[in-house]
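Q: I would like a close look at one part of this model, taken slowly and with its surroundings. Please begin from the question that follows the structure.

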Amino acid sequence: MNFLTYVMHLVGSGAVAYYSAAQIRDSKTRPNVLAGFQLAESGSVPFLTKLSDRAAAEGDTWLAEKLAKHAADETRHGQIFAHALKQLNKQVIDFKSLPQATEENKSQQRRSPFFAAYYDGYTQEQLKPDVIDWDVFMGSTYILELDASKDFARMANVLPDDDPKSRNLKLGMLSIAKDETGHAAYLYEAMMRLMSAAEVQKLVDEWRTRKVNALLAFASNILQGKGQTRSLVQDGAASESDSELIVA
């Protein structure tokens, strides 16, 4: 990674940290942030499960087990965010119950400016679990998991300890950050099993550069007022019986 990319990485990470902290700390924007995380974490489970099955079919038992554990972790992460929303008397909108969108709108929803830039040059067909190149999956997901571990920890640390609901969410997010660190570790080991150290570094640098470009696209979108403003939540049934969620 060249020096300019490294500097942009630091600047971009700092900006994301500030933006994310402000969003999670504000009681008005927190539900939508939690809903976005719930959808992202839970939404990755089928993809990881299919990858695990593929690795097993290819005879890589070690990778299959790691991917299955990754999928299980993401399931639990989705539950943590769903529980946090429930404590706020909110829940993720059931989009299946909404009027069907046009194919063009569906396509736009599926690929945000961030991911369009991150996976620039790859079609959605090429990124499906049954055909995606292992190096593409490992390199791209390693960067996302590594950065997510730091992002979740930062967001958790801005939540107050004097409010039980916030403290419960804080503990949950810290446990998620720990899991993400573990995911990044196994992905790095998986890359080292497939290629030389020099090749791994080249792959990591490529996806780090892509992440920097993706952050610039995300920032540009926000500055132009094109950020995602659609609500992802609706009122849910209040619950007082399960004030704490086991995160261990």
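Over the ring of which residue does the charged end of Arg210 sit, and how many Å from its centre?

A: In this predicted model, the charged end of Arg210 sits over the ring of Trp207, 4.7 Å from the ring centre. Trp207 also takes part in an aromatic pair with Tyr118, and this pair is edge-to-face, with 5.1 Å from centre to centre and 65° between the planes. The pair links distant parts of the chain, since Tyr118 belongs to helix H6 (residues 113–118) and Trp207 to helix H9 (residues 197–223), with the two positions 89 residues apart in sequence. Tyr118 and Trp207 are both buried.

The surroundings of this pair are aromatic as well: Tyr118 and Trp207 belong to one aromatic cluster, whose other members are Phe114, Phe115, Tyr119 and Tyr122. Ser140 adds a polar residue to the picture, for it touches Tyr118, Tyr119 and Trp207 when residues up to four places away in sequence are not counted. Ser140 lies in helix H7, which covers residues 134–157, and its side chain reaches the backbone oxygen of Val136 at 2.7 Å. With a relative accessible area of 1%, Ser140 falls under the 20% limit and is therefore counted as buried.

Elsewhere in the protein there are features that can be set beside this region. Arg193 lies over the face of Trp62, at 3.8 Å from the ring centre. A search of the whole structure finds 13 aromatic pairs, and one of them is formed by Phe37 and Phe81, which are tilted, with 5.3 Å from centre to centre and 35° between the planes. Because Phe37 lies in helix H2 (residues 30–43) and Phe81 in helix H4 (residues 61–87), this pair ties together parts that are 44 residues apart in sequence. Phe81 is buried, with a relative accessible area of 0%.

For the wider setting, the protein has nine helices and two strands, and along the sequence these follow the pattern α-α-α-α-β-α-α-α-α-α-β. Buried residues make up 40% of the 248 residues. Of the contacts with a separation of 6 or more, 80% are between residues 24 or more positions apart, and the link between Tyr118 and Trp207, 89 residues apart, joins such distant parts of the chain. The protein exposes about 13800 Å², of which carbon and sulfur atoms supply 56%.

Note on methods:
Residues numbered from 1 in each chain as written. Predicted model: local features only at pLDDT ≥ 70, side-chain atom pairs only at ≥ 80, totals over all residues. Heavy atoms only, no water. Helix = DSSP H or I, 4+ residues; strand = E, 2+ residues; numbered from the N terminus. Buried < 20%, exposed > 50% of the residue type's maximum accessible area, 1.4 Å probe, protein only. Contact = heavy atoms within 4.5 Å. Areas by Shrake-Rupley, 256 points an atom, 1.4 Å probe, with all protein chains shown as cover. Polar contact = N/O pair within 3.5 Å; in protein donor to acceptor, adjacent residues only side chain to side chain. Phe/Tyr/Trp six-rings, centres within 6.5 Å; stacked < 30°, edge-to-face > 60°. Lys NZ or Arg CZ within 6 Å of the ring centre and 35° of its normal.
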